[in-house]
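Dear colleague,

Please find below the structure I promised to pass on, together with its sequence. My notes on its surface and its interior follow.

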Amino acid sequence: MKKYGILILSFVLSIILFVSLINIQKVIINKNELGIVYVLNTNLEPYTQITKDMYDIFYVSNKDINKYSYITDESILNNMISIKQLQKGIILTNDILINKEQKQEYINKNEKEVVLINIDNYDKKIGKVLNDNNYINLYITVNTTYIPNNIHKLRKVEFKSEKVNQITFLYLEKFSTYSLLYDDEVTKNNLSSIVLEVTREQATYINSIKDIADFSISVI
């Protein structure tokens, strides 16, 4: 009887060990599918240097890391600063941080400038509903020779005609208007021009194609 008891105990222990090994294996497999990312534990103002006490370590899927380009190497965070206001809980990526030595270059590049754009108002109702508190999408149609350098980052890109080699793309999305100019201040039916406050880089591009491109907007 005692012999059977020992066998049963050994059998139970074997099952427990087997289950434990399976769970350990699952943990190892899951860990191989996860990667380390760094999450802010505080709100940051623009141009704040990142220090170790400002972020916590979390594990996320490697698929998400590759998809969203999360920073996974902590050494990269040395001497990095935020380029805009960041909220607690955001995962750190390269597109929201720059090296502190690049601060002035970034500020100069992103300094705001005002541009005047003549637009094609295909929707005659736009002039009635659009005001300085609206957001707009700005579309540009131009010969493919004059596309911007960041065309690969722009959304809703569409080739209009292979013969004329023109392309239409969404250049500014959900953009706040700076000022509106109307041909007719009474009816505001024929909206012909719009003034936007954009970065220096955007202003340079827009001004360089103003005479050869068509601009149109939609209201959000």
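Ile 57 counts as partly exposed because its relative accessibility is 46%, and the partly exposed class lies between the limits of 20% and 50%. Please bear in mind that this is a predicted model. Ile 57 belongs to strand β2, which covers residues 55–61. Together with Leu 34 and Tyr 59, Ile 57 makes a nonpolar surface patch of about 280 Å².

In general, nonpolar side chains of soluble globular proteins tend to be buried together. As for the interior of this model, the largest nonpolar core has 25 residues, and the members that touch the most others are Ile 117, Ile 140, Phe 169, Tyr 171, Leu 196 and Phe 215. At least two residues of this core come from each of β5 (112–118), β6 (135–143), β8 (166–176), β10 (191–199), α5 (200–209) and β11 (214–219). Strand β8 provides the largest share, five residues. Another core, of 13 residues, lies apart from this one and includes Tyr 38, Met 54, Tyr 55 and Ile 71.

Turning to the protein as a whole, it has five helices and eleven strands. Of its 220 residues, 32% are buried. The exposed area is about 14,900 Å², with 52% of it supplied by carbon and sulfur atoms. Where contacts join residues at least 6 apart in sequence, 65% of them link residues at least 24 apart.

With kind regards

Key
Residues numbered from 1 in each chain as written. Predicted model: local features only at pLDDT ≥ 70, side-chain atom pairs only at ≥ 80, totals over all residues. Heavy atoms only, no water. Core = buried A, V, L, I, M, F, W, Y, C linked by side-chain atoms within 4.5 Å. Buried < 20%, exposed > 50% of the residue type's maximum accessible area, 1.4 Å probe, protein only. Helix = DSSP H or I, 4+ residues; strand = E, 2+ residues; numbered from the N terminus. Patch = residues over 30% accessible without salt bridge, like charges linked within 9 Å, V, L, I, M, F, W, Y side chains within 5 Å. Areas by Shrake-Rupley, 256 points an atom, 1.4 Å probe, with all protein chains shown as cover. Salt bridge = Lys/Arg side-chain N within 4 Å of Asp/Glu carboxyl O. Contact = heavy atoms within 4.5 Å.
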